[in-house]
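Reader: Please take me through one part of this model closely. I want to know how the bound ligands are held. Keep it brisk.

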Amino acid sequence: MLVTGGAGFLGSHLCDRLIAEGCSVVCVDNFFTGAKRNVAHLLNHPGFELLRHDVTFPLYVEVNQIFNLACPASPIHYQHDPVQTTKTSVHGAINMLGLAKRTRAKIFQASTSEVYGDPEVHPQAESYWGRVNPIGIRSCYDEGKRCAETLFFDYHRQHRLRIKVARIFNTYGPRMHPHDGRVVSNFIVQALTNQPITIFGDGSQSRSFCYVSDLIEGFMRLMASPDEVTGPVNLGNPVEFTIAELAELVIKLTNSKSKLIRNPLPQDDPKQRKPDTTLAESKLGWRATVPLEKGLEQTIAYFDELLRTTGELAGARAR
Ligand code: NAD
Ligand code: UDP
Ligand code: UDP
């Protein structure tokens, strides 16, 4: 099994799961947003191999299955070098599809709810084509991921590749990057360090948050599904929260003294997002099961430990 982006948040949980199931795993990462720390516990496992490599360059390895997760996922990181973000999605997809074509490997793509853009349809089903700005600051990510989906379906039609395309909705959990600016990690780090909680806009925009263990189960079921199940299939938790509600919940669970502050809403920030998971339920028998409060408790415990043991958040706590 090849996992690209395997040292990232989702990739490292996927590597754990594959190793637990007895697979041999090649984990490829350029460590842009991922970290060796996320897979350090696997390094001595005989079934695990870590390779520093950038997927925008060709890769020649022999594998049976490919999980293509390489791509920065948080707005701060994917907007840091937007040209590289599009290259990672598009050239990365071409290289991994070329690898799948040569080895006849089954290939999974970590696509995203961002392909729906700022949607006029709610909740979003796979049949909705989306409303995406092609020239805005989120476009490198959104259009890169859309083009990657196009490539997957063209390789499927033209070269008969076995493809599995998952559209992932906001997912959170341990090993999120503490400074990547995503809302769950931001709020938890701010709450644990008693800094102000930064609500962008009026906090009425909504998201649906999926806990990482639920998502990885969805990945495994999709990869194991019959060949005719190509996706795209939404994977996410359909229970919707406003950002203001999330802030209140994080404050409650951390007993934080943090105040809420308002910052400007970023450009093209989607107002609402919630997956229609009917397809995942019918084709994969899958649905998210971990309630937000339970998942947040696990995630808070992870960041609390990180804060204590590595000093990773020491700067933040001191402020
Ligand atoms: P992450 O940033 O933690 O992981 C991405 C990994 O890819 C990192 O380890 C990074 O170093 C690596 N990477 C980036 N560019 C690379 C390149 N050119 N070559 C090799 N490795 C590279 O983010 P994540 O949340 O784990 O996301 C994983 C995948 O899932 C991404 O493709 C992302 O778009 C997708 N996704 C995630 C979410 C979510 O809520 N977490 C939602 C939708 C889609
Ligand atoms: N590729 C790769 N590993 C492989 C096979 C191909 O990285 O094992 C890359 C190769 O560099 C090529 C891309 O995948 O640029 C697309 O391959 P494909 O066979 O589709 O196209 P072609 O080689 O004909 O351009
Ligand atoms: N957000 C916020 N405060 C933060 C970080 C994010 O209010 O400190 C908001 C952001 O504007 C968006 C939502 O939370 O409306 C989710 O943001 P995130 O970057 O986690 O993911 P997105 O779903 O936008 O890709």
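Author: What follows is a walk through the two ligand sites, with a short stop at a pair of helices.

The model is predicted. Start with ligand 1. Its shell counts 30 residues. Leu-10, Asp-29, Thr-33, Tyr-141 and Lys-145 come nearest. By class, 14 of the shell residues are nonpolar, twelve are polar and four are charged.

Now the polar contacts of ligand 1. Lys-145 uses its side chain: an N or O atom there sits 2.8 Å from an oxygen atom of the ligand. So Lys-145 is among the nearest residues and also makes a polar contact, since the pair lies within 3.5 Å. Two further contacts come from the backbone. At Phe-32, a backbone N or O atom is 3.0 Å from an oxygen atom of ligand 1. At Asn-30, a backbone N or O atom is 3.3 Å from a nitrogen atom of ligand 1. How much of ligand 1 does the protein bury? Alone, ligand 1 exposes 810 Å², and the protein buries 97% of that.

Which elements build this shell? Helix 1 (9-20), helix 3, strand 5 (106-112) and helix 4 (139-159) each give two or more residues. Strand 5 gives the most, with three.

Next, ligand 2. Its surroundings are Pro-58, Leu-59, Tyr-60, Ile-94, Asn-95, Gly-98, Leu-99, Lys-101, Arg-102 and Tyr-155. Six of the shell residues are nonpolar, two are polar and two are charged. Helix 3, residues 82-103, gives the most to this shell, with six residues. Helix 3 is also one of the elements that give two or more residues to the shell around ligand 1.

Look at the oxygen atoms of ligand 2. A polar side-chain atom of Tyr-155 lies 2.5 Å from one. Arg-102 brings a side-chain N or O atom to 2.6 Å from an oxygen atom of the ligand. The backbone takes part at Ile-94, where an N or O atom is 3.4 Å from a ligand oxygen. Taken alone, ligand 2 exposes 520 Å². The protein buries 65% of that area.

Last, the helix pair. Helix 7 (residues 243-254) packs with helix 9 (residues 292-309). Their axes are 11 Å apart, at an angle of about 55°. The two helices are therefore oblique to each other. Helix 7 passes helix 9 in a right-handed crossing.

Conventions: Residues are numbered from 1 along each chain as its sequence is written. Chains are lettered from A and ligands numbered from 1 in the order in which they are written. This is a predicted model: local features need pLDDT of at least 70, side-chain atom pairs count only at pLDDT 80 or more; totals for chains, interfaces and linings use all residues. Side-chain values use heavy atoms; hydrogens and water are left out. A residue is near a molecule or strand if one of its heavy atoms lies within 4 Å of it. A polar contact is a pair of N or O atoms within 3.5 Å; within protein, one must be able to donate a hydrogen and the other to accept it, and residues adjacent in sequence count only if both atoms are side-chain atoms. Accessible areas come from the Shrake-Rupley method with a 1.4 Å probe; for residues, only the protein chains shown count as cover. Helices (H or I, at least four residues) and strands (E, at least two) are DSSP runs, numbered from the N terminus. Ala, Val, Leu, Ile, Met, Phe, Trp, Tyr, Cys and Pro count as nonpolar, Asp, Glu, Lys and Arg as charged, and the others, Gly among them, as polar. Axes are lines fitted to C-alpha atoms, for helices over the stretch in contact, and angles run from 0 to 180 degrees between N-to-C directions. Angles under 35 degrees count as roughly parallel, over 145 as roughly antiparallel, 65 to 115 as roughly perpendicular and the rest as oblique. A crossing is left-handed if the near helix is turned anticlockwise from the far one by less than a right angle, and right-handed if clockwise.
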